[in-house]
Amino acid sequence: MTQSASSWLFLLSNVVTFGLGVVLTVIAYKAYKREGLPSLLVVTVGFAILTLGTVTEALYEFGVNGGITAFGRELYLLRTAEAIFIAVGLLLFIYSLRLVS
């Protein structure tokens, strides 16, 4: 099955987002290893979870659903899962900032 230009753009934007998230996660982890601060470990986990949340829809669309666009209840559940990942990642950022203040 051929993919539309919008599908390719969706995939590309998610690959770039995932790559940037991995880079941030690695930088945070290296900072944790260097400094040994628990807050940096928490923020590392936060970046990892946030990164997973940002690409949840793409992973489902192309990995599980074979490139077929989700709609209806399936789409709402997918976006809810995505929002939960993002919320947990952001909560970990807040928690890590509370550890250092």
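The following paragraphs describe the helices, nonpolar groups, salt bridges and aromatic pairs of a predicted model.

The nonpolar residues are considered before the charged ones. In soluble globular proteins, nonpolar side chains tend to be buried together. In the model, the largest nonpolar core consists of 5 residues, namely Ala28, Val43, Phe47, Leu50 and Phe93. Helix α2 supplies the largest share of this core, with 3 residues. One core member, valine 43, is in contact with Ala28, Phe93 and Ser96 when its neighbours within four places in sequence are left aside.

Nonpolar residues also occur at the surface. Phe18, Val22, Val26, Leu52, Leu59 and Phe85 make a nonpolar surface patch of about 480 Å². Here the largest share, 3 residues, comes from α1. Leucine 52, one of the patch residues, belongs to helix α2, which covers residues 38-54. Its relative accessible area of 39% places leucine 52 in the partly exposed class. Valine 88 is likewise partly exposed, with a relative accessible area of 35%, and is located in helix α4, residues 73-100. Between the C-alpha atoms of valine 88 and leucine 12 there is a separation of 25 Å, and the two residues are 76 residues apart along the chain.

Helix α3 spans residues 56-64 and includes glutamate 57. Four residues of this helix, Thr56, Glu57, Ala58 and Glu61, are buried. These buried residues of α3 pack against α1, α2 and α4. Glutamate 57 has a relative accessibility of 13% and therefore counts as buried, the limit for this class being under 20%. Apart from residues up to four places away in sequence, glutamate 57 touches Phe10, Leu75, Leu78, Arg79 and Glu82. After α3 comes glycine 66, which has a positive phi, near 65°.

The count of salt bridges comes to 2. In one of them, the side chains of glutamate 57 and arginine 79 meet with an N to O distance of 3.9 Å. Because glutamate 57 lies in helix α3 and arginine 79 in helix α4, this pair ties together parts that are 22 residues apart in sequence. The partners fall into separate accessibility classes: glutamate 57 is buried at 13%, whereas arginine 79 is partly exposed at 45%. A salt bridge also joins the side chains of arginine 34 and glutamate 35, with an N to O distance of 3.2 Å. Arginine 34 has a relative accessibility of 59% and so counts as exposed, while glutamate 35, at 47%, is partly exposed.

The model contains 2 aromatic pairs. One of these is formed by tyrosine 29 and tyrosine 32, whose ring centres are 6.2 Å apart and whose planes differ by 40°, a tilted arrangement. Both tyrosines lie in helix α1, residues 5-35, and are 3 residues apart, which is about one turn of the helix. An α-helix has 3.6 residues a turn, so residues three or four places apart point the same way. Tyrosine 29 is partly exposed, with a relative accessibility of 39%. Tyrosine 32 is also partly exposed, with a relative accessible area of 22%.

How values were computed:
Residues are numbered from 1 along each chain as its sequence is written. This is a predicted model: local features need pLDDT of at least 70, side-chain atom pairs count only at pLDDT 80 or more; totals for chains, interfaces and linings use all residues. Side-chain values use heavy atoms; hydrogens and water are left out. Rings of Phe, Tyr and Trp (its six-membered ring) pair if their centres lie within 6.5 Å; planes under 30 degrees apart count as stacked, over 60 as edge-to-face and the rest as tilted. Helices (H or I, at least four residues) and strands (E, at least two) are DSSP runs, numbered from the N terminus. Buried means under 20% relative accessible area, exposed over 50%, partly exposed in between (1.4 Å probe, protein chains only). Patches are made of residues with over 30% relative accessible area and no salt bridge: like charges are joined within 9 Å, nonpolar side chains (Val, Leu, Ile, Met, Phe, Trp, Tyr) within 5 Å. Accessible areas come from the Shrake-Rupley method with a 1.4 Å probe; for residues, only the protein chains shown count as cover. A salt bridge is a side-chain nitrogen of Lys or Arg within 4 Å of a carboxyl oxygen of Asp or Glu. A nonpolar core is a set of buried Ala, Val, Leu, Ile, Met, Phe, Trp, Tyr and Cys residues joined through side-chain atoms within 4.5 Å. Contact means heavy atoms within 4.5 Å.
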